[in-house]
Structure formats: C-alpha cells, structure tokens
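This report describes one protein chain, moving from its overall make-up to its interior and its surface. The sequence and structure are shown first.

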Amino acid sequence: MDRRQSQACLQVTDPLNFGIDRILNTNTDSDRSTNKKGKCIGRAVFTVTQKNWLEYYFQMEKYITKQNRKILASSLGLTDLQVKVWFQNRRMKWRHTTAATSLSK
C-alpha cells in the first residue's frame, strides 16, 4: 500500500492527529448510534407508559393499520418504524406462547 492509499484509508485531516489524541477526540457515541445511511441502529428502550399503551392496542388488534400506527406513534413520541417493529416482535412472541401452550395440552 503506498502512502496515498494509507492516508485515504485513515481519512486523517490533521497529520498530527494520531495515536491516543485521535482516539480521545473521536465521538464514539455518534459512531455507534448511526450507520452509513444515517439511520439509528441502537436498541429502542420503551418507557412503561409506552409499553402499556402498545400492549393495550395489541390486545385490541394484533395487526395495526398504517393510519392507526402513525397516530399511535405520534401520541407516544415514537417513530412509525418503532411501532411497526414492536408489533411485529409482539406478534412473534404471541405466536410462540400460543404454540407452546397448545403443545403442552
């Protein structure tokens, strides 16, 4: 690897910014929380109130419509995608528990 390629791989703007100084100056939280497309890849932590409302709506309907999902997301302070994924995961949990109870009988 020649000198130009090694500099391009490091993407160092300041040639004196290396070693421990470079490590201390990087913002690791933002590096971990977003991927290359800018989307959050961290795990969502729901509050107790948010979980209670999501469970309440899940008990009424196992599948939420897009319109209701957007309304629920905005009222709970979540994104549409977070509500969608929560319902998908909750349905899988529901299926596994119902399948497990039917097999044990």
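## Overall make-up and local detail

Among contacts in the protein between residues at least 6 apart in sequence, 48% join residues at least 24 apart. The model is a predicted one. The protein contains 6 helices and 0 strands, so that its elements, read from the N terminus, follow the order α-α-α-α-α-α. Of its 105 residues, 14% count as buried. The exposed area is about 9,000 Å², with 56% of it supplied by carbon and sulfur atoms.

**Confidence.** The mean pLDDT of the protein is 77, and 60% of its residues reach 70 or more. Two stretches are listed below with their confidence and their contacts in the model.

| Stretch | pLDDT | Contacts in the model |
|---|---|---|
| Residues 4-14 | under 50 | 6 contacts beyond four places in sequence |
| Residues 28-32 | below 50 | 1 contact beyond near neighbours in sequence |

**The nonpolar core.** The largest nonpolar core has 11 residues. Its members are Phe 46, Leu 54, Phe 58, Ile 64, Leu 72, Ala 73, Leu 76, Leu 78, Val 83, Trp 86 and Phe 87. Helices α4, α5 and α6 (80-104) each contribute at least two residues to this core. One of the core residues, Leu 76, touches Gln 50, Trp 53 and Leu 54, when residues up to four places away in sequence are not counted. Of these partners, Leu 54 is itself a member of the core, whereas Trp 53 belongs to a nonpolar patch on the surface.

**A buried arginine.** Arg 69 is found in helix α5, which spans residues 66-76. Is Arg 69 buried or exposed? Arg 69 counts as buried because its relative accessibility is 12%, and the cut-off for buried is under 20%. With neighbours within four places in sequence left aside, Arg 69 is in contact with Ile 64, Asp 80, Val 83 and Lys 84. Two of these contact partners, Ile 64 and Val 83, are also listed in the largest nonpolar core.

**A nonpolar surface patch.** Trp 53, Tyr 56, Tyr 57 and Met 60 make a nonpolar surface patch of about 430 Å². Tyr 56 lies in helix α4, which covers residues 48-60. Because its relative accessibility is 47%, Tyr 56 counts as partly exposed. Helix α4 thus holds a member of the surface patch in Tyr 56 and also supplies at least two residues of the largest nonpolar core.

Technical notes:
Residues are numbered from 1 along each chain as its sequence is written. This is a predicted model: local features need pLDDT of at least 70, side-chain atom pairs count only at pLDDT 80 or more; totals for chains, interfaces and linings use all residues. Side-chain values use heavy atoms; hydrogens and water are left out. Helices (H or I, at least four residues) and strands (E, at least two) are DSSP runs, numbered from the N terminus. Buried means under 20% relative accessible area, exposed over 50%, partly exposed in between (1.4 Å probe, protein chains only). Contact means heavy atoms within 4.5 Å. Accessible areas come from the Shrake-Rupley method with a 1.4 Å probe; for residues, only the protein chains shown count as cover. Patches are made of residues with over 30% relative accessible area and no salt bridge: like charges are joined within 9 Å, nonpolar side chains (Val, Leu, Ile, Met, Phe, Trp, Tyr) within 5 Å. A salt bridge is a side-chain nitrogen of Lys or Arg within 4 Å of a carboxyl oxygen of Asp or Glu. pLDDT is the predictor's confidence in each residue, from 0 to 100. A nonpolar core is a set of buried Ala, Val, Leu, Ile, Met, Phe, Trp, Tyr and Cys residues joined through side-chain atoms within 4.5 Å.
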